[in-house]
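Student: I should be grateful for a close look at a single helix of this model. Please set out how that helix is built and then place it among its surroundings.

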Amino acid sequence: MYCFGDLVNYLSLGFIVLGLLHVVFHRKAQASYGRHMRFSPTVRTVPAKVAWFLQEMPAFLIPLLLLLISGKPFSMGTYLLLGTFCIHYFQRIFVFSLLTRGRPFPLHVMLAAGLFCCVNAFLHGHYLLHCAHFDDEWSADYRFKTGLLLFYVGMAINIHSDYILRNLRKPGEIIYKIPTGGLFEYVSGANYLGEIVEWCGYAMATWSFPAMSLAVFSLCFIGPRAYYHHRFYQEKFKEYPKSRKALIPFIF
Ligand SMILES: NC(=O)c1ccc[n+]([C@@H]2O[C@H](COP(=O)([O-])OP(=O)(O)OC[C@H]3O[C@@H](n4cnc5c(N)ncnc54)[C@H](OP(=O)(O)O)[C@@H]3O)[C@@H](O)[C@H]2O)c1
């Protein structure tokens, strides 16, 4: 298939602008779900399991569909990078979503997240399969290897941290407790830190504008969220560990 290079660049730029706008317009209030949800009688909600499962599904299926309809073989580097992108969403859909004990999710936030996942998945699937060329030389490059290593370290942190959070609650509970263990000993947003490391690693491994834009978007979306979670804990729990930071151990 032809590479829609201009579209790839515009979408990537769009995600960076969207991330920066999010930082500017959500300085006082974070995206309205979870503990930052703004309640109103008119807001329709769906169970968290359903919301996460449905909204993230396109991010897994679209790259696979693009691979299937392309009907041609690709290099090992391309398969590894596409697999890396998909494995993140496989985990989010078939592990995180099905096990979450989160509170009900606003329908409009689920729809917005689903749209984001569709466009983002098309952007990465199309770029990896039809625009980039990851030959054997690239697979031996230190940026590819270090980037993939970073991605999987970040993913391990993210999964372990989400596991800790999930197990703070008994089934049916929706209260908040102080998370302990793993990187939560250092930061309040350990799961977010893991996710940001993941996408920075992916950006390094692909060395591409679309992947860089996803890393920037994630930093802009969940970085401030980590800060507001941190403030929430400090206000709610007098005994909250003083040395714990919001997102970056010992620094911020
Ligand atoms: N790349 C991106 O742009 C992006 C954007 C959003 C999310 N994500 C990823 O998606 C995953 C979920 O994100 P999220 O914003 O929902 O994370 P979160 O606010 O940390 O919540 C994760 C889950 O743990 C529960 N939880 C959190 N803190 C808790 C506490 N102190 N006590 C008891 N339960 C607690 C939450 O319940 P409640 O829902 O009831 O609060 C939710 O079910 C994360 O891995 C994140 O990295 C990525």
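Tutor: The helix to examine is H2, in which Ala48, Ala51, Trp52, Gln55, Glu56, Pro58, Ala59, Phe60, Ile62 and Pro63 are buried. The model is predicted, and the description that follows should be read on that footing.

Several of these buried positions recur at short intervals along H2, among them Ala48, Ala51, Trp52, Gln55 and Glu56. An α-helix has 3.6 residues a turn, so residues three or four places apart point the same way. The buried residues of H2 pack against strand E1 (45–46), helix H3 (76–99), strand E2 (105–106) and helix H4 (107–131).

As to its dimensions, H2 covers residues 48–70, and its 23 residues should span 33 Å because each residue contributes 1.5 Å; the end C-alpha atoms are 34 Å apart, which agrees. Within that span, H2 bends by about 30 degrees at Glu56, and the proline Pro58 follows within four residues. Both Glu56 and Pro58 belong to the buried set. After H2 comes Gly71, whose phi is positive, near 60 degrees.

Consider next the partners of H2. Helix H3 contains Ile87, which counts as partly exposed because it has 14 C-beta neighbours inside 10 Å; a buried residue would need 20 or more. Ile87 and Met155 are 68 residues apart along the chain, and their C-alpha atoms are separated by 9.7 Å.

H4, the other helix that H2 packs against, has 25 residues and reaches 35 Å from its first C-alpha to its last, close to the 36 Å expected. Its buried residues include Met110, Cys117 and Asn120, together with Ala121, Phe122, Leu123 and His124. The contacts of the buried H4 residues return to H2 and also take in helix H1 (5–25), E1, H3, E2 and H8. UniProt, in an unreviewed entry, places a "transmembrane region" at residues 107–127, as well as at 7–25 and 205–228. In the model, residues 107–127 are 100% helix and 0% strand, with end C-alpha atoms 30 Å apart. Residues 7–25 are likewise 100% helix and 0% strand, and their end C-alpha atoms lie 26 Å apart.

From H4 the path leads to helix H8, where Leu214 lies. Leu214 counts as buried because it has 25 C-beta neighbours inside 10 Å. Leaving aside residues up to four places away in sequence, Leu214 touches Phe15, Asn120 and Trp199; Asn120 is one of the buried residues of H4. By contrast, Leu214 and Leu99 are 25 Å apart in space, C-alpha to C-alpha, and 115 residues apart in sequence.

Finally, H8 takes part in the surroundings of the ligand: helix H6 (142–166), helix H7 (190–206) and helix H8 (209–236) each supply at least two residues of that shell. H6 gives the most, with 4 residues. The shell around the ligand divides into 8 nonpolar, 6 polar and 8 charged residues, and of the 22 residues there, Gly34, Gly102, Arg103, Leu165 and Glu195 come nearest. H7 is mostly covered, with 17 of its 17 residues buried, and is followed by Trp207, whose phi is positive, near 50 degrees.

Methods. Residues are numbered from 1 along each chain as its sequence is written. This is a predicted model: local features need pLDDT of at least 70, side-chain atom pairs count only at pLDDT 80 or more; totals for chains, interfaces and linings use all residues. A residue is near a molecule or strand if its C-beta atom, placed from the backbone, lies within 6 Å of it. Ala, Val, Leu, Ile, Met, Phe, Trp, Tyr, Cys and Pro count as nonpolar, Asp, Glu, Lys and Arg as charged, and the others, Gly among them, as polar. The expected span of a helix is 1.5 Å times one less than its number of residues. The bend at a residue is the angle between axes fitted to the seven residues ending there and the seven starting there. A residue is buried if 20 or more other C-beta atoms lie within 10 Å of its own, exposed if 12 or fewer, and partly exposed in between; C-beta atoms are placed from the backbone. Two residues are in contact if their C-beta atoms, placed from the backbone, lie within 7 Å. UniProt positions are given in the numbering used here, feature names are shortened, and annotations may be inferred rather than shown by experiment.
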